[in-house]
Amino acid sequence: MDKTLIIIIGASVIGVALIILVAVLASGDKKKDGKDKQKSKKELAESYEKLMQDNIYHIFSKEFHEELRNKARLDFQKVISENAMFLQQDLRLTTSEINEYLKKEISGKLEEEFAAYQQSIKDVQQAAVDSLNKTVAAAQEQQVALMQQLKKDVEAEKTKMIAEFEANMAEIVSYYVLKAVGQQIDLKDQMPLILREMEAQKESMRRDMWL
Amino acid sequence: MSHAVKIDGDTRFGLPPALIGRADVSRVLREIEQVDYALEEQAIRTPDQPLTIPAMSRALVEVITLNNIDITNLNERKRLLNSLRGVKEKAPNIQVTFAVDPAPNITGQLVTWIRQNLHPSALITIGLQPAIIGGCVVRTPDHIYDFSLRKRFKDERPALVQAIKSVVARQ
């Protein structure tokens, strides 16, 4: 298809060039011939008259031959001009048809390509949007999972700390009291309590002592 | 105050509060041996003269007074020596641990109570453990009796937990 198009376009260009060349030549000869034509017609007519009167064998003379030749040349030029004109018109028509055809074909091709390009862009956009949506959904899922895990870990840690605190509360309080009170404990105030508690365990202690 | 107690009809040898531990008993024992030796020597050298009692420590005087011993009598001196040796070897030992170093009057009060209520010849060892915070820990030959503040904190832990939970619940 493309090769055909190129050949057609090449032939058109060459034809147009020929036309232009012939037209230029024809118009150049025409101008000269136009004057010469008027002049030669008149002269020919006069010369025919003269020849007819002078010599019946003038048709075989050099001048007559020359005249014939000129006439033939003129006729030939006329034919060429007409044919050139026809060819020019034909070529113009062909060129315009080719232009129209090319326009139509190129437009069609371009529209197809643009449509395909647009579709591919849409597809890519859609794919990107889908991918982003998937990524967002995955990120949200992961965030929820992480939050749950974090909550669980925090709860577990809190429970563990509370259990540790409860298990060692007595030690903690003892340490605190020891640090706070330290050496300031007066045994004199404690003796009644100590003796009261020893009194409560007196029998058991006495049994140990007398074994 | 007499620490000699009657058990099964017998009067047991008592120790004064000044004699706390085995070291005190050993010291008094050495002293009474020296006094015994000195008085025996006097009796041999000057049999016609009354015995002069040598200077004695307050602890020994208390032991003699408490147990109604006539130190000039040889038999009673021997009885005292035997009793002290018996106490040194066989008397039960109690270890009492405090959080702080007790004053002498506190120690005396404790020793008096122990010898009046548990055993008249009990020997007491005083220990120090600040970690118990307050009170004392009593260790007899077969048991440990914890009268310390640390033990009370441990025993009352549920009350502390409950108190904390009620505060948290209120919040």
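This report looks at one helix and the make-up of chain A, then at one strand of chain B.

This is a predicted model, in which local features need pLDDT of at least 70 and side-chain atom pairs count only at pLDDT 80 or more, while totals for chains, interfaces and linings use all residues. Residues are numbered from 1 along each chain as its sequence is written, chains are lettered from A and ligands numbered from 1 in the order in which they are written, and side-chain values use heavy atoms, with hydrogens and water left out.

**Chain A overall**

Chain A is a helical affair, with 5 helices and 0 strands; helices here are DSSP runs of H or I with at least four residues, strands are E runs of at least two, and both are numbered from the N terminus. Buried residues (under 20% relative accessible area, with exposed meaning over 50% and partly exposed in between, using a 1.4 Å probe and protein chains only) make up 18% of its 211 residues. The accessible surface of chain A (Shrake-Rupley method, 1.4 Å probe) is about 17000 Å², and carbon and sulfur atoms account for 61% of that. Take the contacts (heavy atoms within 4.5 Å) between chain A residues at least 6 apart in sequence: 64% of them link residues at least 24 apart.

**Helix H3 of chain A**

H3(A) covers residues 169–181, and its 13 residues reach 18 Å from first C-alpha to last, close to the 18 Å expected at 1.5 Å a residue; that expectation is 1.5 Å times one less than the number of residues. Its buried residues are Met169(A), Ala170(A), Ser174(A) and Val177(A). Looking down the axis, these fall within an arc of 130°, so they line one face of the helix; the arc is taken from the directions from the helix axis to the C-beta atoms. On the face turned away from the buried side sit the exposed residues Tyr175(A), Tyr176(A) and Lys179(A). Cover for the buried residues comes from both chains, including H2 (62–167) of chain A plus H5 (149–155) and H6 (157–170) of chain B.

**Strand S5 of chain B**

Over in chain B, S5(B) (residues 135–139) is mostly covered, with 4 of its 5 residues buried. Strands count as paired if DSSP finds at least two bridges between them, and S5(B) has these partners:

| Partner of S5(B) | Sense | Bridges |
|---|---|---|
| S3(B), residues 93–98 | antiparallel | 4 bridges |
| S6(B), residues 144–148 | antiparallel | 5 bridges |

Thr97(B) stands opposite Val137(B) of S5(B), while Cys136(B) faces Phe147(B) of S6(B) as its opposite number. A hairpin takes S5(B) into S6(B) by way of 4 residues.
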